[in-house]
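Good morning, and thank you for making time for this presentation. I would ask you to keep the sequence and the structure in view while I speak.

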Amino acid sequence: MNALKHLMAAANICLTPSLASADTLNLVEYGNYTDDLNSGLQWLDISSTKGKSFNQVSSMLGSGGSLEGWRFATVDEFQGIFSSRGYAFSGSTTQNMSTGNLSDQPFFQHLIGLMGPTVTNGNANSIFGILGTDFANSSRQYMGQIYSFYDSSESFAKIQQGPLDGEINNAVGSYLVQNVSPVPAPSTRRAA
């Protein structure tokens, strides 16, 4: 019984979002996707779309496509990853916003590790990804970027304009989401 109490206490600690540890921020990894328990969204690992343009990924999302059931995340959903954990965006326009440089943020490193970096170098990991809310200018798209610099312990997230279907390379993927399926309630029917 004591072991069960300890296990339950440990599980409770791991689910408390206010703790600073990166593994307590309501993100659960399931192989090629991550559940964000704050938003109820599943985020597909960015490596699934790395190197593919908006149009290429769009063609994979439809019925029978290899990514059927997924959709592009909106700017608000991307911001929600951070705002639901206390990080605010600021900027002059919705096309150019940032959290600003933040010192020693293990959450950013953890998030990049879960989603899969698109760029890795000696002192930083980052994700460059296409978002699904497009501009009035049909040749541009929102891009979400997450950076974590290990040498200076700085991290930040950013939203800015990017090419819709132009200069996409292996440093860019797409942020794809789907709603977490609710767990069905147990049946209350009695056997006859």
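**Ser155 and its surroundings**

I begin with Ser155, which, leaving out residues up to four places away in sequence, touches Gly100, Asn101, Leu102, Gln105, Phe108, Tyr147 and Ser148. Please bear in mind throughout that this is a predicted model. Ser155 belongs to strand β11. Is Ser155 buried or exposed? Its relative accessibility is 1%, and because buried means under 20%, Ser155 counts as buried. One of the residues it touches, Ser148, also shares a polar contact with it: the two side chains are joined at 3.3 Å.

**The overall picture**

Let me now step back to the whole chain. The protein has 192 residues, of which 39% count as buried. Its secondary structure consists of 4 helices and 13 strands. If we take the contacts with a separation of 6 or more, 60% of them come from residues 24 or more positions apart.

**The open sheet**

I turn next to one of the sheets. In general, the strands of a sheet pair through backbone hydrogen bonds, in either a parallel or an antiparallel manner. Here, 5 strands make up an open sheet, in the order β1-β2-β3-β13-β4, and the pairing is antiparallel. Which strands lie at the edges? They are β1, residues 27–29, and β4, residues 71–72, each of which pairs on one side only. The partner of β4 is β13, residues 176–179, and these two strands pair in the antiparallel sense over 2 bridges. Within that pairing, Arg71 stands opposite Val177 of β13.

A helix also packs here. Helix α3 lies across β2, β3, β4 and β13, and runs at about 100° to β3.

**The salt bridges**

How many salt bridges does the structure hold? There are 2.

The first I shall discuss joins Arg85 to Asp36, with 2.7 Å between the closest N and O atoms. This pair links distant parts of the chain: Arg85 sits in the loop between α3 (75–83) and β5 (90–93), while Asp36 is in strand β2 (residues 33–36), and the two are 49 residues apart. Both partners fall under the 20% limit for buried residues. Arg85 is buried, with a relative accessible area of 14%, and Asp36 is buried, with a relative accessible area of 3%.

The other salt bridge is between Glu77 and Arg71, whose closest N and O atoms are likewise given as 2.7 Å apart. Glu77 counts as buried at 19% relative accessibility, whereas Arg71, at 32%, is partly exposed. Arg71 is the residue we met opposite Val177 in the sheet.

**Asn38, a neighbour of Arg85**

Asn38 is in the loop between β2 and β3, and it counts as partly exposed, at 31% relative accessibility. Which residues does Asn38 touch, setting aside those up to four places away in sequence? They are Asn26, Ser84 and Arg85. Two of these contacts are also polar contacts between side chains: Asn38 with Asn26 at 2.7 Å, and Asn38 with Ser84 at 3.1 Å. In addition, the C-alpha atoms of Asn38 and Ile81 are 7.9 Å apart in space, although these residues are 43 apart in sequence.

**The nonpolar cores**

The largest nonpolar core has 28 residues, and those with the most contacts inside it are Phe78, Phe82, Phe107, Ile146 and Tyr175. At least two residues of this core come from each of β3, α3, α4, β9 (124–134), β10 (140–149) and β11 (154–163). Which element gives the most? It is α4, with 6 residues. Another core lies apart from this one; it has 12 residues, including Met60, Leu61, Leu67 and Leu176.

**Thr118**

I close with Thr118, located in the loop between α4 (106–115) and β8 (119–121). Thr118 counts as buried, at 6% relative accessibility. What does its side chain approach? A polar atom of that side chain lies 2.9 Å from the backbone oxygen of Ala171. Neighbours within four places in sequence aside, Thr118 is in contact with Ile46, Lys50, Ser126, Ile127, Phe128, Asn170, Ala171, Val172 and Gly173.

Thank you for your attention; I shall be glad to take questions.

Key: Residues numbered from 1 in each chain as written. Predicted model: local features only at pLDDT ≥ 70, side-chain atom pairs only at ≥ 80, totals over all residues. Heavy atoms only, no water. Buried < 20%, exposed > 50% of the residue type's maximum accessible area, 1.4 Å probe, protein only. Polar contact = N/O pair within 3.5 Å; in protein donor to acceptor, adjacent residues only side chain to side chain. Contact = heavy atoms within 4.5 Å. Salt bridge = Lys/Arg side-chain N within 4 Å of Asp/Glu carboxyl O. Pairing = 2+ DSSP bridges. Axes fitted to C-alpha atoms, helices over the stretch in contact; angles between N-to-C directions. Core = buried A, V, L, I, M, F, W, Y, C linked by side-chain atoms within 4.5 Å.
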